[in-house]
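Let's take a walk through a structure with more than one part to look at. Have the picture open beside you as you read.

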Amino acid sequence: MNQKSVAIEMRDIRKTFGSVVANDGVCLDIYRGEILALLGENGSGKTTLMNMLSGIYFPDSGEIRINGEKAMIGSPKDAFSYGIGMIHQHFKLVDVLTAAENIALGLKEPGRLDIDAVAKKIKEICDTYGFDVDPYQKIYNMSVSQKQTVEIVKVLYRGADILILDEPTAVLTPQETDKLFAVLRNMRDAGKAIVIITHQMHEVEDLSDRVAVLRHGQYVGQMMTCETNAQEMTNMMVGRSVTLNIDRPEPVDPKPRIEVKGLTVRDAEGIVKLDDVSFTANSGEILGIAGISGCGQKELLEAIAGLQGCDTGSISYVNDDGSRKELIGMDPMAISSLGVNLSFVPEDRLGMGLVGNMDLTANMMLRFFREGHSVFANRKNPRALAERVVEELEVNTPSVSTPVRRLSGGNVQKVLVGREIASAPTVLLTAYAVRGLDINSSYTIYELVNRQKKAGVAVLYVGEDLDVLLELCDRILVLCGGKVSGIIDGRTATKRQIGAMMTRLGGEDANA
Amino acid sequence: MHNKTPLFHIAKRKELPWYGAWAIRAIAVLLALVVCAIVTTALTGENPVEIYKTIWKGAFGTPRKIWILCQNLAILLCISLAVTPAFRMRFWNIGAEGQVLIGGLATAACMILFGDKVPNAVLIVMMIIASCVAGAIWAGIPAIFKAKWNTNETLFTLMMNYVATQLVAFFVIVWEVPKGAGKIGIINQSTEAGWLPQIGSYKYLLNIIVVAVITIFMYFYLSRSKHGYEIAVVGESERTARYVGIKVGRVIVRTMLLSGAICGIAGLLLVGGTDHTITTTIAGGRGFTAVMVSWLAKFNPFTMVFTSFLLVFLDRGASEISTNFGLNHAFGDILTGIILFFIIGSEFFISYELKFRKSAKKEG
């Protein structure tokens with residue numbers, strides 16, 4: 001451990017936004033040849049702290065030392081001159097340019113731009129660390145993981161030896177995550193300092209050498225990863241002891257509620273997204289939906305919610321008395337006017353489920369503004385609902401008049417879920433309900449979903465974390481390339497089994 | 001190493017109390033006046049204080065000038081109110097000019113074709129309906145194309161302006177009085193058929209009252225009604241709107257019909273209320289000025305009263321100095337431009353603040 005040299009020392013860093021204190025008295029050391037995981041709940045100030053290193057924000061007070069010298073990072077350009085590069089959650093690439101052009105963009109090198117020389121240098125970087133990038137590929141032809149790789153190569157190209165990655169795995173499949181981690185380990189071994197922000201405990205344990213924890217903007221402590229465990233780290237983050245077990249009550253009087261038969265869906269380009277999908281979702285039960293991302297999960301939920309046109313097949317809603325209603329070809333208005341109370345927590349919270357610029361009250365109104373015959377919209381009931389949701393779900397917000405985009409990820413999701421379950425639905429569709437949420441908020445969401453199940457709601461839970469699916473769901477439907485690979489019992493299935501079914505239709509059986 | 005601290009950095013303000021925001025705007029106006037004074041002295045050698053006095057006189061000098069100011073204010077405000085629901089929906093309607101013209105043309109058509117043939121009350125009802133329908137059609141066409149085929153509304157509404165101008169030019173020749181004059185002249189001058197009634201002896205009062213009613217209506221429509229809420233949701237995110245079952249295309253068309261109808265009313269007020277004739281320049285660029293009024297007021301109908309007042313005031317003052325000092329009207333426009341630059345620029349300082357280096361702050 002002695003050969004590790006300090007790259008960055010942050011001392012007593014304080015940053016406020018108006019009356020909100022994002023960071024206060026934070027001291028943090030970042031070493032070369034080490035991967036540091038920065039942990040903390042949503043809104044605990046991790047990203048703000050790192051943005052001060054990358055020159056996006058400037059601290060109100062405190063000192064940053066780089067290689068032992070006091071540093072002033074006033075702009076991203078300054079950050080680069082200190083060798084600091086940050087990979088943000090949202091990529092900053094020009095779609096119509098190639099990888100090499102994006103990487104060369106903004107660099108001031110004397111003489112004419114020699115894109116082939118740039119490409120050659122990119123190749124060298126790729127070979128050193130094990131990246132896989134085609135310098136001449138256009139960004140819009142790339143997958144999310146390829147774009148991320150370009151972002152990482154971009155900062156390396158500019159000579160960064162301190163890399164900060166803000167939730168890099170949130171957009172990656174497990175396979176892509178493994179690839180990324182391999183590259184990060186190579187970079188660490190080459191003596192670079194790496195900081196990674198993540199919520200996934202198993203990733204922290206898998207990848208990092210050291211863990212630093214922030215809580216409510218303050219530095220709580222640090223420890224070596226090999227000397228700690230998920231439980232201890234979580235307790236430190238939350239500030240009290242939490243249980244990491246997900247409750248799974250027995251299904252409550254399961255009866256068929258949604259019956260999907262032979263559903264086929266094509267997207268706007270005519271590509272088949274769902275192919276002959278059939279299943280039944282029961283009331284009082286959680287049906288998990290697993291699959292590699294982009295295997296039709298989004299289309300399936302949107303088809304049921306009336307937001308996606310369908311080619312063939314049927315989606316029927318089954319009433320308690322056994323009568324059926326066909327939902328295909330209906331928009332959300334028509335579905336609710338049939339008396340079907342269907343709630344949907346979409347993947348894109350601020351782009352679809354909520355309106356970021358509107359306050360909590362106005363967002364509650366989205367579902368209820370049509371109530372009553374008056375031409376004027378009733379704001380009293382939504383306001384009361386917003387206050388109730390804030391209180392019951394412990395939403396951290398200055399008031400119900402705050403625009404939701406100002407809230408942190410976990411609180412945004414609580415507002416959305418709170419609204420969706422407020423109408424006492426009979427069907428609840430959720431897509432990646434805990435993506436980007438910290439452990440504490442995630443458990444709140446699991447609990448809310450379980451409560452709905454106990455109330456007899458048919459829950460469809462699209463998730464990406466197989467451990468959670470196995471702990472939470474009664475049955476798990478596995479999608480593979482838009483087809484149903486199989487439906488298995490959540491109590492007896494194994495992770496390996498689901499993983500196999502995700503990549504091959506029918507899993508190991510089909511392979512035999 | 002200390003000198004490497006940036007002199008200042010820009011930070012977003014948390015929230016400014018309303019008086020803070022207005023203080024910043026007042027400072028901006030004062031600074032603008034100072035800069036205008038320097039420019040005036042440098043370019044013309046005139047005493048800037050005299051110029052300002054003349055601007056004031058041009059706007060408020062006589063009761064008649066005040067009435068003209070109010071009339072201009074009412075029409076500009078009416079058009080600004082008309083474009084606002086579309087802007088709230090992020091539908092960039094820059095076709096108000098054409099919608100006003102076509103509303104005015106429909107009014108004039110009723111007056112010319114049916115004047116003296118039907119009772120005056122019936123004629124006025126016909127004019128109201130015709131102007132609203134004409135404006136609504138002119139705005140509805142781009143809206144339907146946008147809703148069905150997602151065409152670009154900015155280009156479409158802009159092009160509709162030219163069509164409207166040419167239509168008016170055509171009908172001016174068809175209805176010209178006397179033949180060969182190339183203009184219509186005062187319509188029904190002897191009978192006053194179809195002239196909107198005058199309240200007491202005040203020629204412009206009716207227009208002002210109508211626009212005041214529209215202002216109040218628009219405020220409640222946008223901020224309290226279900227329609228207003230739908231407009232806001234569609235403007236913020238079409239995906240969210242679809243997700244909650246709002247029919248986006250229908251909201252776009254409905255809102256634009258309303259927008260166009262109010263533009264049509266502006267045309268009605270111009271042709272039936274004050275001018276009693278129609279020319280291709282009857283809207284006088286106000287369809288475009290209205291865009292600025294609406295934006296400056298951040299789409300709030302009541303604030304629009306102030307922003308349209310400001311623009312009309314500057315415009316009236318500019319005409320006055322051009323006649324009094326023998327200066328070109330363009331000079332008035334230069335001053336208007338400087339003042340607007342400062343006012344729009346002040347919005348930046350309302351949302352952001354400059355944080356100066358600590359030591360500099362102590363010295364200062």
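What follows is a short tour, going from whole chains down to one residue.

## Chain A from a distance

Keep in mind that this is a predicted model. Chain A is built with 18 helices and 20 strands. If you measure along its principal axes, the C-alpha trace spans about 75 × 55 × 50 Å.

How does the radius of gyration of chain A fit with a compact globule? For 512 residues, such a globule would come out near 24 Å, and chain A has 24 Å, so the two agree. Of those 512 residues, 46% count as buried. Now take the contacts in chain A between residues at least 6 apart in sequence: 66% of them join residues at least 24 apart.

## Chain B from a distance

Chain B has 14 helices and 2 strands. Its C-alpha atoms fill a box of roughly 85 × 60 × 35 Å, again taken along the principal axes.

Chain B holds 364 residues, and 42% of them are buried. Among its contacts with a separation of 6 or more, 77% come from residues 24 or more positions apart.

## Where the chains touch

How many residues of each chain take part when A meets B? On the chain A side there are 28, in contact with 20 residues of chain B. Three helices of chain A, namely H10 (332–337), H11 (349–353) and H12 (360–368), each supply at least two residues of the side that touches chain B. Sort the residues on that side of chain A by character and you get 17 nonpolar, 7 polar and 4 charged.

## Two helix pairs in chain B

Packed helix pairs are described with two things: the angle between the axes and the distance between them. Let's start with H3 (residues 63–88) and H7 (residues 205–224) of chain B, which pack at an angle of about 20 degrees with axes 9 Å apart. That angle is under 35 degrees, so H3(B) and H7(B) count as roughly parallel to each other. The crossing of H3(B) past H7(B) is left-handed. Residues making this contact include Ala74(B), Leu77(B) and Leu81(B) from H3(B), along with Val211(B), Ile214(B) and Met218(B) from H7(B). The contact of H3(B) with H7(B) divides into 11 nonpolar residues, 4 polar and 1 charged.

H3(B) has another partner to look at: helix H2 (residues 48–60) of chain B. Are H2(B) and H3(B) roughly parallel or roughly perpendicular? Their axes come within 6 Å and cross at roughly 80 degrees, so H2(B) and H3(B) are roughly perpendicular to each other. Here Gly58(B), Ala59(B) and Phe60(B) of H2(B) meet Lys65(B), Ile66(B) and Leu69(B) of H3(B). In this contact, 4 residues are nonpolar, 1 is polar and 1 is charged.

## Zooming in on Val220(A)

Back in chain A, find Val220(A) in strand E10 (residues 218–224). Is Val220(A) buried or partly exposed? Val220(A) has 16 C-beta neighbours inside 10 Å, so it counts as partly exposed; being buried would take 20 or more.

Leaving out residues up to four places away in sequence, Val220(A) touches Val213(A), Leu214(A), Arg215(A) and Met236(A). For a sense of scale, try Gly410(A): Val220(A) and Gly410(A) are 190 residues apart in sequence and 20 Å apart in space, going from C-alpha to C-alpha.

Terms used:
Residues are numbered from 1 along each chain as its sequence is written. Chains are lettered from A and ligands numbered from 1 in the order in which they are written. This is a predicted model: local features need pLDDT of at least 70, side-chain atom pairs count only at pLDDT 80 or more; totals for chains, interfaces and linings use all residues. Helices (H or I, at least four residues) and strands (E, at least two) are DSSP runs, numbered from the N terminus. The radius of gyration is taken over C-alpha atoms; the globule rule is 2.2 Å times the number of residues to the power 0.38. A residue is buried if 20 or more other C-beta atoms lie within 10 Å of its own, exposed if 12 or fewer, and partly exposed in between; C-beta atoms are placed from the backbone. Two residues are in contact if their C-beta atoms, placed from the backbone, lie within 7 Å. Ala, Val, Leu, Ile, Met, Phe, Trp, Tyr, Cys and Pro count as nonpolar, Asp, Glu, Lys and Arg as charged, and the others, Gly among them, as polar. Axes are lines fitted to C-alpha atoms, for helices over the stretch in contact, and angles run from 0 to 180 degrees between N-to-C directions. Angles under 35 degrees count as roughly parallel, over 145 as roughly antiparallel, 65 to 115 as roughly perpendicular and the rest as oblique. A crossing is left-handed if the near helix is turned anticlockwise from the far one by less than a right angle, and right-handed if clockwise.
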